[in-house]
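Reader: I'm more at home with gels than with coordinates. Could you walk me through how to read a structure like this one?

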Amino acid sequence: MSTIVENVVCPFCGCLCDDLAVEVEEGRVARVRRACANGRGLFAHYDPTPQRPTVDGREVDWEEAIAEAARILNEADSPLIYGLSSMATEAQRKAVELADRLGAMIDTTSSVCHGPTGLAMQAVGEPTCTLGEVRNRADLLIFWGCNPAVSHVRHFTRYSVTPKGMLTPKGRRDRTVVVVDVRPTASARAADLFLQVQPGADFEVLTVLRALVQGKTVEVETVGGIPTARLQELAERMKTCRFGVAFMGMGLTQTGGRDLNVSELFTLVAELNQYTRFSVIPMRGHGNVAGADQVLTWQSGYPFGVSFARGYPRYGPGEFTAVDVLARGEADAALILASDPMAHFPGAAARQLECIPTIVLDPMPSLTTRVARVVFPTACYGVDAAGTAYRMDGVPIRFRPVLPLVRPTDEHVLSEIVARVLPG
Amino acid sequence: MLGILNGRVYDPLNGLNGEVRDIWVKDGRIVPPEEVDRERAEILDATGLVVMPGGVDIHSHIAGAKVNAGRKFRPEDHRDHTRTRTAFTRSGSGYTVPTTHLTGYLYVEMGYTTVMEAATAPLVARHTHEELEDIPILDKGAFITMGNNHFIMRCIREGDRDKARDYVAWLLSAARGYAIKIVNPGGVENWKWGRNVSRLDDEVIGFGVTPRQILTTLAWINDELGLPHVPHIHGINLGQPGNARTMVETIEALEGRRAHFCHLQFFSYGGEPGKRLRSGAAEVARAVNEHPNVTVDVGQIIFGEATTMTSDGPLQYRLHRLTGNKWLNDDVEGETGGGVVPMHYRRKNLISAVQWITGMELFLLIADPWRVFLTTDHPNAGPFFAYPQVIKLLIDRDARAEVLEGLHPKAREGALLPELDREYSLYEIAIITRAGTARALGLKNKGHLGVGADADVTIYADLEDKEAMFAHPRYVIKGGEIVVHDGRLVRERPGRTLYVAPPYDPGIEAAIRDHFERTYVIASDNYPVQDEYLPHGEVVPCA
Amino acid sequence: MRTVSAKYSAGVLDGRVGRVLLAWMAEVTNMNEYFTLITGRTPKQGEGLHKGKDSEAYRRATALVEMSLEDMARLGIEEGQVVRVRTAAGQVEVPVRAGALPPGLLFVPMGPVANMLIGAKTEGTGMPPFKGLAAEVEPR
């Protein structure tokens, strides 16, 4: 007997596609339609069989694991809570509450992804729009330092390059696509215009674009490896389009200038609004990293890198962000939520997680669960756990879990730990 | 059970003007004395104290996508304004854009017990409700923006008001909203083309309808659906010199249908574009006085830091260009848009000063306190915790004169304010901050202390300094429980989210599905806000 | 202007400023063959993710370095040959794969191998230098 669940929301990446159809047979996912390989992989490979939590590799019952996790966190002077981006907002709210009550530091995967984008938004602002506006209105798309063909596989077909919209009835033919990157990526193959920029030169190119948009003359022949004449053409296109949208990613946030690169792009986009309508949408990576931003902001005032150590929230990119805290040995316990820093952090930071008591909540084994003192195999958001996630454009969507809930959820485990936080 | 004894009660909805009365509370409601077992009731001795219903704020931006973007965007707003956690409260931060828990605490410590979130785009209503759940103690509701909604505009073009009506009912239910909100009707859609509207009969690009048609249609729909509140309108030409004329025309355009105009101050300027800003409050106040179908809130300027945040996309862009301050914009598919820009109002800045004068003149020239309410359009004109400041200025003309003295010298030229010596009474303050707002909102159990009302009660010390009096109530009771005692927050508990669920013809759903295919990139089945988001939700019936 | 297939439309890391910079780096760091290293996602790394990070698929997808054909030819490196890649943060030994890269650029998929090459200096942002690292390559 199989059932098909429609309008299923995929929790893998910031696209949060909500048109999946998942066929379930005998309590397992049999088929996933309309998902990309990443979405399909997530639903198909998840084994919902309840597992027992472990303490020091030993299987224990949930009560004991929770007590041990609470003991570790209560005894720590400087605990770090990190991750959050693949959990529902209901669980994220509990995580922030836990940080508040513990006086812990709390950081999300934003700090190694779009943290610099947040810094740029705080410095210069961000003209943006929802993805439906892109589909309906955008006739010029600029993908800068991002590779959606690999990271957000259905983005082109669902939201940006090919779909037909209200003012874009011919789909692809009604749009011009520009890709800017240091190498010809799979996304570049979809472009009408590919501009290859020298690594580390995005800031110069963006600054020159701003100058060209403002009608200034630029006297060098190339900037960042790109002929100025091509940039002049791009500036003209940008000024004369009907509704332009730029998408940006790690190519800007992870290279030399980091937030300064992003600020320059955001400023360019803001200035283009003197000539036409232009927006920018950061390509949020994990399924609910946008939600983590939102929750941490509405509860603390700040989107990442927060410390509650003084009893009130303080913001410290570079100070309370996880890589810095771990690399400097400033955390004496870590609670890792729905993320895998052992796989994604620089070695100097990742290694710290083996030196301090680490607690992990994750539906699947990971490189971090391997080194953790306490592991909670919780339900997987979107697959068997219900809850809310925020799409890259800020639209919140509720999951339609396709499997019955038999494991405890992140929200539940965190609530139990919160209840055991000692005052002081 | 609770007895509040011997206080001087100001309950305008029940005609009490400082009479000494006892108030009895049981199971969260005001009850007749005979229902309370005095032996077992907690007794608050309110001798010499002023007793009012809890404050009801009719317009404030406290939760949702725009507000949170404002928080994220302004860490500089939060750093020097923090609240430390306690055993039973959460920490928080923020001045013009406080975090959720802090918002609840600050409002309650100021004696307010009900606050309406002024503008939510239905596509992201889920976000608003998640945040409202994290605002403790207060009862809340959310207004749903509809003035640039594609489905509605298409119905207007097709001349099908009934279809628009059913859609609005569906939309309010789907978004779990409290009221119809209209912001710069047609102008926000035009902003997606880089344009705006400036007259009631301008055309909305791509739809061939006008702001006038949007307003009158939604006003008609509001009456048809029997909604507890009336259409809540942020009109066209906000902030423009000479827009007093537009506001008067807009009021007249309603042709007697009931409506509420929000932060009226921003729409009450005389003068002409390119010339010096002047107050046009007299003209607008006259129109309000002559149209009993209209209520307003003022949106009074508070000198100091503010954060402008509205669904009025083109306005926010203009503010960015005018001030050079950083700018957030968000266009929302098929529905609305909006933006956020930091602002600072200065006494010595002529424009800020004229804006301040304009708001004060509106308060003093609009005759009927049941139709003019105290707001700062938080945080656009100023933070909500500055309300006590405004109360003092309304009660004490000398305090006003003192502020006038400190303004840019040219601001007084041509201003009526120096001549206006009206002083509000405590009774009238109670009207413009609770009785009148509750009545305008159609909240039958709020804003008064008659039997059956929610037991939301605020007790003030009767101080000479009215700002101090209203800033720090002695006691606040919410739903029958004492939450502020001797001026300090003593209890935290969840509040309720109030919303409407007007019935609609289910036949509309097919049209809605088509609309979704065409307009949105979210499935129509995934759009409505599910029950899980309103664990403390309560439906307010329609007429 | 339409460019359907991926073509370079701009120069590479041998502009005048680039050469001067790299020569200075060679002096300062005593490196021989120096490159700019970037890390990022690949489809196979994503697939491996789902199979589990201790799967062979994940290991194979993340333990490699992509190099341009030009550089491979110039250094006499064959497809699949193991090289040592070294940055200021650490070093790894991985096989080389030909990639659509400009000369002078290396790409390692994000994962535990890449992390051995990435330092923890975030310059006050929280963000480590995942892209744009100076790297040295030595055939083994």
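Reader: Let's start with chain B. How many helices and strands are there in chain B?

Author: Bear in mind that this is a predicted model. Counting the elements is a good start: chain B has 17 helices and 26 strands. Next comes overall packing. The radius of gyration of chain B is 22 Å, close to the 24 Å the globule rule gives for 543 residues, so chain B is as compact as a globular protein of that length. Along the principal axes, its C-alpha atoms fill a box of roughly 70 × 60 × 45 Å.

Reader: And what share of the residues of chain B count as buried?

Author: Here, buried means under 20% relative accessible area. In chain B, 67% of the 543 residues count as buried. Contacts tell you about the fold too: among those in chain B with a separation of 6 or more, 77% are between residues 24 or more positions apart.

Reader: Can we zoom in on one strand? How many residues of strand 5 of chain B are buried?

Author: Strand 5 of chain B covers residues 49-53, and five of its five residues are buried. With a strand, also check which way the side chains point. B:L49, B:V51 and B:P53 point one way, while B:V50 and B:M52 point the other way. Both sets are buried.

Reader: Which strand pairs with strand 5 of chain B in the parallel sense?

Author: For pairing, look at the bridges and the direction. Strand 1 of chain B, residues 2-11, pairs with strand 5 in the parallel sense over two bridges. Within strand 5, B:V50 is the bridge partner of B:R8.

Reader: Which strand runs antiparallel to strand 5 of chain B?

Author: That's strand 21 of chain B, residues 457-461, joined to strand 5 by five bridges. B:I459 in strand 21 stands opposite B:V51.

Reader: Now the other chain. How many helices and strands does chain A have?

Author: Same reading, new chain: chain A has 18 helices and 22 strands. Its radius of gyration is 22 Å, close to the 22 Å from the globule rule for 424 residues, so chain A is as compact as a globular protein of that length. Of those 424 residues, 72% count as buried.

Reader: What about charge: how many positive and negative side chains does chain A have?

Author: Count each set, then check where their centres lie. Chain A has 42 positive and 47 negative side chains, with the two centres 7 Å apart. Chain B has 60 positive and 73 negative ones, and there the centres lie 3 Å apart.

Notes:
Residues numbered from 1 in each chain as written. Chains lettered and ligands numbered in written order. Predicted model: local features only at pLDDT ≥ 70, side-chain atom pairs only at ≥ 80, totals over all residues. Heavy atoms only, no water. Buried < 20%, exposed > 50% of the residue type's maximum accessible area, 1.4 Å probe, protein only. Helix = DSSP H or I, 4+ residues; strand = E, 2+ residues; numbered from the N terminus. Pairing = 2+ DSSP bridges. Rg over C-alpha atoms; globule rule 2.2 N^0.38 Å. Contact = heavy atoms within 4.5 Å. Lys, Arg positive; Asp, Glu negative; His and termini not counted. Charge placed at Lys NZ, Arg CZ, Asp CG, Glu CD.
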